[in-house]
Amino acid sequence: MCYYCKPCDAYVGCHQNTPRALGTLANKELREARIKAHAYIDPIWKFGRMTRDRVYGVLHRHFDKETHIGESDLATCKEILTIK
């Protein structure tokens with residue numbers, strides 16, 4: 001299940017068996033940026049360099065707010081790729 005805006009070709013998936021969105025609507029460019037951002041940070045916690053909570057804590061401190069890639073705009077996704 002997903003929410004889809006046909007004129008914009010924007011969509012967002014939903015949590016399994018619920019109408020609750022996984023993030024915000026995203027067009028193709030933003031979806032690709034979010035995929036890149038996840039590809040950059042997910043291996044850090046998936047391969048044990050940091051916990052998932054710690055990785056998202058780094059994002060929180062960097063942006064001075066709670067940050068979820070599925071809710072991030074294009075500029076935020078690009079900036080995530082620069083965080084060391």
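## A tour from the whole chain to Arg 31

Among the contacts in the chain with a separation of 6 or more, 31% join residues 24 or more positions apart. The model under view is predicted.

**Select the whole chain.** Displayed as C-alpha atoms and taken along the principal axes, the chain fills a box of roughly 40 × 30 × 20 Å. A cartoon representation shows two strands and three helices; followed along the sequence, these elements are arranged as β-β-α-α-α.

**Add the surface.** The exposed area of the chain is about 6,200 Å², of which carbon and sulfur atoms supply 55%. Colouring by burial separates out the buried residues, which make up 30% of the 84 residues.

**Colour the charges.** The chain carries 14 positive and 10 negative charges. The mean position of the positive charges lies 5 Å from that of the negative charges.

**Select helix α1, residues 28–46.** Within this helix, locate Arg 31 and display its side chain.

**Stay on Arg 31.** Is this residue buried or exposed? Arg 31 has a relative accessible area of 17%; because this value is under 20%, Arg 31 counts as buried.

**Select the surroundings of Arg 31.** Leaving aside residues up to four places away in sequence, Arg 31 touches Asp 9, Ala 10, Tyr 11 and Ala 26. Which atom of Ala 26 does the side chain of Arg 31 reach? The partner is the backbone oxygen of Ala 26, at 2.7 Å. A distance label between the Arg 31 side chain and this oxygen completes the view.

Note on methods:
Residues are numbered from 1 along each chain as its sequence is written. This is a predicted model: local features need pLDDT of at least 70, side-chain atom pairs count only at pLDDT 80 or more; totals for chains, interfaces and linings use all residues. Side-chain values use heavy atoms; hydrogens and water are left out. Helices (H or I, at least four residues) and strands (E, at least two) are DSSP runs, numbered from the N terminus. Buried means under 20% relative accessible area, exposed over 50%, partly exposed in between (1.4 Å probe, protein chains only). A polar contact is a pair of N or O atoms within 3.5 Å; within protein, one must be able to donate a hydrogen and the other to accept it, and residues adjacent in sequence count only if both atoms are side-chain atoms. Contact means heavy atoms within 4.5 Å. Accessible areas come from the Shrake-Rupley method with a 1.4 Å probe; for residues, only the protein chains shown count as cover. Lys and Arg count as positive and Asp and Glu as negative; His and the chain ends are not counted. The place of a charge is taken as NZ of Lys, CZ of Arg, CG of Asp or CD of Glu.
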